[in-house]
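User: Hi! Could you walk me through this structure with me? I'll fire off short questions as they come up.

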Amino acid sequence: MEINQILSSQKQFFRTGVTLSVNFRIQNLKKLYSLVKENQSLITESLFLDLGKSDYEGFMCEVGLALTEINYMIKHLRGFASEKTVKTPLAQFASRSYTKPVPYGNVLIMSPWNYPFLLTIEPLANAIAAGNTAIIKPSAYSPSTSQLLSKLLGDCFNNEYVAVVTGGRKENSTLLEQPFDFIFFTGSQSVGKEVLRQAAERLTPTILELGGKSPCILDSSCNISLAAKRIVFGKFLNCGQTCVAPDYVLCHKSIKNDFINEVTKEITLQYGSNPLENSDYGKIVNNKHFERLCSLMSKEKIIFGGDRDYINHKISPTIMDNVTWQDPIMQEEIFGPILPILTYDNLDEVISILQEKPKPLALYFFSNSKSNIKTVTEKISYGGGCINDTIIHLATSEMGFGGVGESGMGCYHGKAGFYAFSHTKSIVNKKNWIDLPMRYQPYNRKFFGKLLKFFLR
């Protein structure tokens, strides 16, 4: 079926009002939960084929988180979808004021290749919970997972409700030409700009989940060994292909040598003496990205790792030292298993530098200083992050996740996800048994003037 025909059928289906029923939404969320639960092995197999993810990592970082989000929406949906009464100004007596979340209608979800299952199913769960229909466009760079998503979701839902469109740039362009009611995009900044440009032509509301160079700052008070352990986990998870991975380390110069010793020790502990032979260590998604990463690896600055498997597109966890802001690796988001280390003398100088740079999707600060933590979290603008850890802030449905500025707009997860795919109507239900005359012409300034000022003070 052609893309415009799918969207047309979804528009007709949405207009029937079937998706407005909370029971209908919960029923389909339960179907989605069962679908994921029953096909875990197929999902992790496809993730291994696309990205070399082990079944453990595939469950921990994709399948398990997807199940958690769906379950959260099932448990909380009735509360999210209910009308909320708010206070009514005295001037509007007598009436009831309330807010009512309603679905946008027909939404487009464009998902990325680095977490191709999770970042498709999570926004889909939010879209279903909010009462929308959805067309999903998974990435062409993760073909096994994309094809599996197409099959599984096609077997579970009718196209008029949830449909998957596979393909590449041609399909992306065609989709962006359609009159959707809402667009949810996860991917690179360059593609995000094109999505927003196309959406602007139709004034389509859009959420962009992008990325950027997420800094990881260590001050002299931090627990160095624990910081190294958690940074290694966050940086080299999914072979560094995580939008909120620590992109680079800003380390106080007094602890740099100790940190390097600890981080190299941790890499060996977590990935073994030969990470390229570790079955739990993934691969770079394709040759294009593999060659891009190789071009960023300055041989004279590599102090650990740097091994490459050109056949299987693997790069071992790599540490680069004596890196400057002018080096090629600091000019773009790395999105791979290469960790540059920069040093600083004064935290205020770091804050000033980061305030001048594009706003990152995440920031991580390792410190035992309450005053330094307060300063960093207040003065630097970023999407979200962690104190004394990495990555884990996105693994909860109780907080919204999203970027700011160049790293994205809007957020989702849990309640924030429900409202991301909803429009909240503000409604006043005015009673008929009284009608205050002060607002109508001809104005009686003498009689109603003081009364009007009393109401509107």
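User: Let's start with the strands. How many bridges join β6 to β7, and do they run parallel or antiparallel?

Analyst: Happy to help, and please keep in mind that this is a predicted model. Strand β6 (residues 182-186) and β7 run parallel, and 4 bridges join them.

User: Which residue in β7 stands opposite F184?

Analyst: That would be I207.

User: And β7 itself, which of its residues are buried?

Analyst: Strand β7 covers residues 206-209, and both of its faces are covered. T206 and L208 are buried on one side, while I207 and E209 are buried on the other. As background, side chains in a regular strand alternate between the two faces of the sheet.

User: Nice. Switching to electrostatics: how many salt bridges are there?

Analyst: The structure holds 12 salt bridges. One of them pairs K53 with E62, with the closest N and O atoms 2.4 Å apart.

User: Is that pair buried or exposed?

Analyst: K53 and E62 are both buried. E62 has 0% relative accessibility, so it falls under the 20% cut-off for buried.

User: Where is E62, and what does it touch?

Analyst: E62 is found in helix α4. Leaving aside residues up to four places away in sequence, E62 touches L47, K53, E57, N114, Y115, P116, F117 and L118.

User: What about K100, which residue does it pair with?

Analyst: K100 forms a salt bridge with E83, and their closest N and O atoms are 3.3 Å apart. K100 lies in strand β2 (residues 95-103) and E83 in the loop between α4 (55-81) and β1 (84-86), so this pair ties together parts that are 17 residues apart in sequence.

User: How accessible are those two?

Analyst: K100 is partly exposed at 30% relative accessibility, and E83 is also partly exposed, at 34%.

User: Which residues are in the salt bridge in helix α13, and how far apart are they in sequence?

Analyst: K374 and E378 meet there through their side chains, at 3.0 Å from N to O. They are 4 residues apart in helix α13 (residues 370-379), so about one helical turn separates them. E378 counts as exposed, with 55% relative accessibility.

User: Which residues are joined into one network by salt bridges that share partners?

Analyst: E83, R96 and K100 are joined that way.

User: On to pockets. How much space lies in the largest one?

Analyst: About 1,300 Å³. Its lining has 47 residues, and G187, S188, Q189, S190 and V191 are the closest to its centre. The elements giving two or more residues to that lining are α7 (169-176), β6, α8 (189-201) and α11 (287-296). The largest share, 6 residues, comes from α8.

User: What's the chemical make-up of that lining?

Analyst: The lining of the largest pocket divides into 20 nonpolar, 16 polar and 11 charged residues.

User: And the second largest pocket, how does its lining divide?

Analyst: That one has 18 nonpolar, 3 polar and 2 charged residues in its lining. The second largest pocket holds about 320 Å³ of space. Among its 23 lining residues, C61, L65, L118, I391 and L394 lie nearest the centre. Helices α4 and α5 (118-130) each supply at least two residues of the lining.

User: Last topic: how many cavities does the search find?

Analyst: It finds 3 cavities of 30 Å³ or more, and the largest has a volume of about 50 Å³. Residues lining the largest cavity include L65, T68, E69 and H413. The largest share of that lining, 3 residues, comes from α4.

Technical notes: Residues are numbered from 1 along each chain as its sequence is written. This is a predicted model: local features need pLDDT of at least 70, side-chain atom pairs count only at pLDDT 80 or more; totals for chains, interfaces and linings use all residues. Side-chain values use heavy atoms; hydrogens and water are left out. A salt bridge is a side-chain nitrogen of Lys or Arg within 4 Å of a carboxyl oxygen of Asp or Glu. Buried means under 20% relative accessible area, exposed over 50%, partly exposed in between (1.4 Å probe, protein chains only). Contact means heavy atoms within 4.5 Å. On a 1 Å grid over the protein atoms alone, a cavity is a set of points where a 1.4 Å probe fits but cannot get out, and a pocket is an open set with protein on both sides within 12 Å along at least five of seven lines; lining residues have an atom within 4 Å of a point. Grid points are joined across faces, edges and corners, and a volume is the space filled by probe spheres set on the points. Two strands pair if DSSP finds at least two bridges between them. Ala, Val, Leu, Ile, Met, Phe, Trp, Tyr, Cys and Pro count as nonpolar, Asp, Glu, Lys and Arg as charged, and the others, Gly among them, as polar.
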